[in-house]
Amino acid sequence: MMSGAAFLNISAIFALGVLTISFLLVVVRVVKGPSLPDRILALDMLVAVAIGFIAVLGVRSGFTLYVDIAIALGLVGFLATVAFARFVMSGGIDVKQEEAEEDRL
Amino acid sequence: MIDGAADYLAGALIIVGALFALVASVGLLRLPDLYTRMHAASKAGTVGSCLMLIALAVHIGEPATALRALAGVVFFLLTAPISAHLLAKAAYSAGYRMWEGAVSDDLAETAAVAKKNGAIGTEG
């Protein structure tokens with residue numbers, strides 16, 4: 001039976017590995033697209049994964065300032081998604097043209 | 001003994017949160033269209049980062065910082081559905097279609113009724 005600190009250390013390392021894999025998967029979605037809202041959604045998810053990274057790093061280092069960084073990052077991510085959504089709603093790019101480009105690729 | 005229990009709880013929360021984030025990103029990659037991907041990203045993704053913030057609150061332990069972490073959790077739980085709903089509505093009204101296997105489109109009917117009453121497009 002391992003001690004609590006050792007278990008926490010191992011689980012933090014495991015979580016950092018899993019978060020790295022999920023970060024790379026989301027980056028694949030950002031690159032593939034295929035449409036603008038897909039990329040906006042993937043960027044939103046990237047912010048969520050980054051908040052997870054910050055929380056795990058805060059647990060590993062015991063540095064309490066990471067909590068404020070996570071909250072600030074969440075606020076920025078939310079505002080970015082809202083701004084992008086309003087851009088899409090106001091007819092930012094031509095959907096038909098985007099689908100045609102998607103078919104051609 | 002109390003410290004050991006808090007460490008075990010924080011470790012378990014970190015592992016579960018990281019696995020939720022992994023499930024969300026796999027769903028984001030595998031699901032067929034924007035509206036189904038939104039299920040994965042905005043539900044599982046939010047739960048993942050919230051669980052890891054709760055683990056941070058449990059691990060740090062002092063009330064002021066733990067309370068700030070929990071306030072962050074509440075904030076994410078409030079904003080995730082708002083941004084997902086706004087993005088879905090924007091994408092739908094901009095004309096992005098669902099995939100071919102979709103079986104139900106209730107918003108099309110609602111939009112038709114609203115258009116007849118002259119109510120669409122006034123909120124954007």
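Start in the middle: the largest nonpolar core has 66 residues, and A:Met45, A:Ala55, B:Ile14, B:Leu53, B:Ala55 and B:Leu56 touch the most other members. A nonpolar core here is a set of buried Ala, Val, Leu, Ile, Met, Phe, Trp, Tyr and Cys residues joined through C-beta atoms within 7 Å. Buried means that 20 or more other C-beta atoms lie within 10 Å of a residue's own; with 12 or fewer it is exposed, in between it is partly exposed, and the C-beta atoms are placed from the backbone. Both chains feed this core: α1 (4-32), α2 (36-61) and α3 (65-89) of chain A and α1 (2-30), α2 (34-60) and α3 (63-94) of chain B each supply at least two residues. The biggest contributor is α2(B), with 17 residues. Helices are DSSP runs of H or I with at least four residues, strands are runs of E with at least two, and both are numbered from the N terminus.

Before going on, a word on what you're looking at. This is a predicted model, in which local features need pLDDT of at least 70 and side-chain atom pairs count only at pLDDT 80 or more, while totals for chains, interfaces and linings use all residues. Residues are numbered from 1 along each chain as its sequence is written, and chains are lettered from A and ligands numbered from 1 in the order in which they are written.

Now zoom in on one of those core residues. Leaving out residues up to four places away in sequence, B:Leu56 touches A:Ala55, A:Gly58, A:Val59, A:Val67 and B:Ala69. Touching, or being in contact, means that the C-beta atoms, placed from the backbone, lie within 7 Å.

B:Gly45 sits in helix α2 of chain B. It counts as buried because 31 other C-beta atoms lie within 10 Å. With the same sequence neighbours left out, B:Gly45 touches A:Met45, A:Ala48, B:Ala21 and B:Ala24. B:Ser25 is 20 residues from B:Gly45 in sequence, and their C-alpha atoms are 7.7 Å apart.

Zoom out to the interface, where 48 residues of chain A are in contact with 49 of chain B. On the chain A side, α1, α2 and α3 each give two or more residues, and α1(A) has the largest share, 16 residues. That side divides into 32 nonpolar, twelve polar and four charged residues. For these classes, Ala, Val, Leu, Ile, Met, Phe, Trp, Tyr, Cys and Pro are nonpolar, Asp, Glu, Lys and Arg are charged, and the others, Gly among them, are polar.

One helix pair is worth a look. The axes of α3(A) and α3(B) come within 9 Å and cross at roughly 10°; axes are lines fitted to C-alpha atoms, for helices over the stretch in contact, with angles from 0 to 180 degrees between N-to-C directions. The two are therefore roughly parallel. Their contact has 16 nonpolar, seven polar and two charged residues.

As for the chains themselves, chain A has four helices and zero strands, and so does chain B. Buried residues make up 38% of the 105 residues in chain A and 42% of the 124 in chain B. Chain B has a radius of gyration (over C-alpha atoms) of 20 Å, well over the 14 Å from the globule rule, so it is more spread out than a compact globule. That rule is 2.2 Å times the number of residues to the power 0.38. Along its principal axes, the C-alpha trace of chain B spans about 65 × 30 × 15 Å.

Definitions and conventions: Contact = placed C-beta atoms within 7 Å. Parallel < 35°, antiparallel > 145°, perpendicular 65-115°, else oblique.
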